[in-house]
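Here is a short briefing for a first look at this structure. Keep the model open while you read.

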Amino acid sequence: MAGIIGADIVFGSKMPINYQPLALQDTDPFVLFGLDKEMVVLNDKPWNIEAKAHLLDEKVTSNKNMFIRNNGIPPENIDVASWTLVIDGESVEQTKTYTLSELKSKFKHYTYQLTVECGGNGRSEFNPPAKGNQWTIGAVSCASWTGVRLKDILDDVGVKDSAVYIGYHAADSHISRDPNKEPISRGVPMRKAVQEETLVAFKMNGEDIPAAHGYPLRLVCGGWPASTSGKWLNRISVRNIEHDGAKMKAPAYRVPKNTVAPGEKVEDEDMKIIESMPVKSLITYPKSGAVLELDKKLKIRGHAWAGELEVDQMEYSIDFGATWQTCSIEKPVNRLAWQHFNAVITFPEKGYYEVWARATDANGVGQPMLVPGWNPKGYLNNACHRIAVKVK
Amino acid sequence: MSEENKFKGQAKQVYRMLIMVWCVVLLGTAFAIYALVDPSLSAFKEKETELVVVDDTISEDDWDKVENGIHLRTGFVDDDGLMTVVTNCTSCHSAKMVTQNRMTKERWIATIRWMQETQNLWDLGKNEDIIVNYLAKNYAPKNMGRRANLENIEWYELN
């Protein structure tokens with residue numbers, strides 16, 4: 001062990017056998033973040049970890065199955081007593097600072113289940129490949145978030161008519177350790193900022209927000225790219241322009257204004273920012289690879305979501321989309337929460353099957369079976385999810 | 001209350017106390033026997049004390065060991081330029097940031113420029129060619145079509 005640290009561990013003999021010295025503790029993300037052992041590490045500096053479809057079977061995603069997408073290095077030594085949230089910017093009547101306890105006591109608390117999906121979820125399927133973390137399907141979650149409404153805070157501060165956007169700032173540091181750089185500082189237009197479900201949250205699933213997910217304070221904008229839900233939140237700027245923080249400018253979190261052929265070069269000025277995420281669904285039970293007897297019926301279930309919209313219709317196909325059957329789908333518990341579906345499938349004969357799932361949103365827009373419009377950064381792949389099944 | 005009843009009452013009390021004492025003795029004995037068999041009382045400890053596996057297989061001697069064409073410490077393919085890539089590409093970010101991506105030479109160069117413009121990457125000088133050639137050769141895009149087959153399926157009996 002001393003060999004790895006590069007120094008002898010003084011009093012090492014008094015160290016408990018199972019104790020991992022701090023210098024090494026970040027080597028095992030499963031222990032560090034309390035993750036299910038089947039979670040998949042895409043990147044370890046910064047941490048980027050995704051779930052597999054069957055790990056997302058819970059109605060409300062728990063910490064152990066929740067994807068982690070870090071742009072920088074999370075803050076260390078968080079002092080909750082001195083943590084503050086500053087509201088500033090060109091379009092506030094006054095700059096105001098709240099302590100955590102002031103936030104909690106001054107404003108009413110709300111709890112919502114909010115779908116938070118990485119804009120790059122599904123990136124690994126784009127052809128030609130897009131640069132970045134190669135998310136497959138697991139960069140999505142729907143946890144229960146408790147906090148105060150950003151709208152209530154902004155009302156308390158006073159916002160001028162000139163306000164067009166809010167941008168968040170946070171306590172994480174840039175991966176190069178350059179103190180003058182922010183790893184990420186994104187935001188949302190005012191119309192999203194003042195939605196009832198847009199929270200400045202201090203609890204996830206009824207407990208303190210886990211360290212990897214923004215402890216002690218996180219902005220949560222359900223239904224929009226997860227990058228708009230700033231972790232380790234300590235400042236919100238109310239801007240009179242579209243926020244221009246780190247990863248706000250093209251090509252980050254943007255797609256071509258007009259569709260392009262795969263691999264085509266797109267100029268920055270021809271890109272538009274991603275707002276609501278598209279309609280999508282996941283089969284979370286059974287796990288892909290199930291083998292069953294012909295006389296057995298197969299129960300499937302999963303979740304569907306559609307950004308700002310509700311999912312209206314849910315279908316499955318066992319013949320590669322030639323025919324589609326209806327699934328039953330529940331209403332969301334609140335706006336921006338994912339919805340749960342299920343169906344019972346009878347297979348006509350032995351063989352290899354793929355069960356494909358397709359959601360359609362309230363505007364009648366459904367999921368494509370093929371990977372949708374190619375874009376340089378590989379965002380918004382909402383192609384149908386499928387699982388393999390063998391019937392014998 | 002007659003003397004007889006009083007006596008019966010006392011006898012009952014003594015009887016109850018005796019049972020209690022015997023129970024305590026029995027439990028104590030049981031525990032003592034168990035402690036002899038399992039002195040660390042491991043059965044009562046939560047399983048979460050799973051050992052954190054410290055990978056001390058990588059000692060200083062084989063810090064740059066290559067096995068089956070893979071540089072173990074980073075996961076990079078062993079090829080000309082490997083150590084130049086390791087030195088320049090893993091001081092800020094993980095090697096996984098590189099190895100999970102596939103790009104043409106032109107796009108690897110564009111990525112280097114982006115890192116230089118926005119992420120504090122230094123001028124790579126003569127090393128740039130070495131790095132770009134290594135990346136373009138070993139991490140080149142493959143045509144995946146519009147939707148790939150499901151692969152690496154782990155089959156299991158569903159009951």
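A cavity here is a set of grid points where a 1.4 Å probe fits but cannot get out. A cavity's volume is the space filled by probe spheres set on those points. By that reckoning, the second largest cavity in this structure holds about 70 Å³ of space. The model is predicted. The points below start with chain A as a whole, move to its cavities, and then take up the interface and some local features.

**Chain A overall**

- Chain A has six helices and 24 strands.
- Of its 392 residues, 56% count as buried.
- Take the contacts in chain A between residues at least 6 apart in sequence: 69% of them join residues at least 24 apart.

**Cavities**

- Rolling a probe the size of a water molecule over the atoms shows where empty space is left.
- The structure has three cavities of 30 Å³ or more.
- The largest cavity encloses about 250 Å³.
- Its lining is made up of 24 residues, and those closest to its centre are Arg69(A), Arg218(A), Ala226(A), Ser229(A) and Lys231(A).
- Three elements of chain A each give two or more residues to that lining: β3 (68-69), β7 (140-149) and β8 (165-170).
- By class, the lining of the largest cavity has 12 nonpolar, eight polar and four charged residues.

**Between two domains**

- Where does the second largest cavity lie? It lies between domain 1 (69-273) and domain 2 (280-391) of chain A, because both give residues to its lining.
- Residues of chain A that line the second largest cavity include Gly122(A), Glu125(A), Thr136(A) and Ile137(A).
- Further along chain A, the lining includes Lys280(A), Ser281(A), Leu282(A), Asn381(A), Ala383(A), Cys384(A) and His385(A).
- Chain B is present too: Arg147(B) is one of the lining residues.
- Strand β16 (residues 280-285) of chain A gives the most to this lining, with three residues.
- The lining of the second largest cavity divides into four nonpolar, five polar and three charged residues.

**Where the chains meet**

- At the interface, 58 residues of chain A are in contact with 40 residues of chain B.
- About 4,100 Å² is buried between the two chains, and carbon and sulfur atoms give 50% of that area.
- On the chain B side, Arg146(B), Arg147(B) and Trp155(B) lose the most area to chain A, together 19% of what that side buries.
- Arg147(B) thus appears twice in this briefing: in the lining of the second largest cavity, and among the residues of chain B that lose the most area to chain A.

**A buried loop residue**

- Thr228(A) sits in the loop between β12 (218-220) and β13 (233-239) of chain A.
- Is Thr228(A) buried or exposed? Its relative accessibility is 1%, so Thr228(A) counts as buried.
- Beyond its neighbours within four places in sequence, Thr228(A) is in contact with Tyr168(A), Arg186(A), Gly187(A), Val188(A), Leu219(A) and Cys221(A).

**Backbone features**

- Most residues other than glycine have a negative phi, and most peptide bonds are trans.
- Asn127(A) and Pro128(A) are joined by a cis peptide bond, with omega about 0 degrees.
- Pro128(A) belongs to the loop between β6 (109-117) and β7 of chain A.
- Another cis peptide bond joins Ala250(A) and Pro251(A), with omega about 5 degrees.
- Pro251(A) is in the loop between β13 and β14 (254-256) of chain A.
- Asn77(A) has a positive phi, near 50 degrees.
- Asn77(A) lies in the loop between β3 and β4 (84-88) of chain A, and is exposed, with a relative accessible area of 76%.
- In chain B, Asn68(B) also has a positive phi, near 50 degrees.
- Asn68(B) is in the loop between β1 (66-67) and β2 (70-71) of chain B. At 78% relative accessibility, this residue counts as exposed.

**A covered helix in chain B**

- Helix α2 (residues 82-89) of chain B is mostly covered, with six of its eight residues buried.
- The buried residues of α2(B) are Leu82(B), Thr84(B), Val85(B), Val86(B), Asn88(B) and Cys89(B).
- They pack against β1, β2, α3 (96-99) and α5 (127-138) of chain B.

Definitions and conventions: Residues are numbered from 1 along each chain as its sequence is written. Chains are lettered from A and ligands numbered from 1 in the order in which they are written. This is a predicted model: local features need pLDDT of at least 70, side-chain atom pairs count only at pLDDT 80 or more; totals for chains, interfaces and linings use all residues. Side-chain values use heavy atoms; hydrogens and water are left out. On a 1 Å grid over the protein atoms alone, a cavity is a set of points where a 1.4 Å probe fits but cannot get out, and a pocket is an open set with protein on both sides within 12 Å along at least five of seven lines; lining residues have an atom within 4 Å of a point. Helices (H or I, at least four residues) and strands (E, at least two) are DSSP runs, numbered from the N terminus. Ala, Val, Leu, Ile, Met, Phe, Trp, Tyr, Cys and Pro count as nonpolar, Asp, Glu, Lys and Arg as charged, and the others, Gly among them, as polar. Domain bounds come from an automatic or database domain assignment. Buried means under 20% relative accessible area, exposed over 50%, partly exposed in between (1.4 Å probe, protein chains only). Contact means heavy atoms within 4.5 Å. Buried area is the accessible area (1.4 Å probe) that two parts lose on being put together, summed over both.
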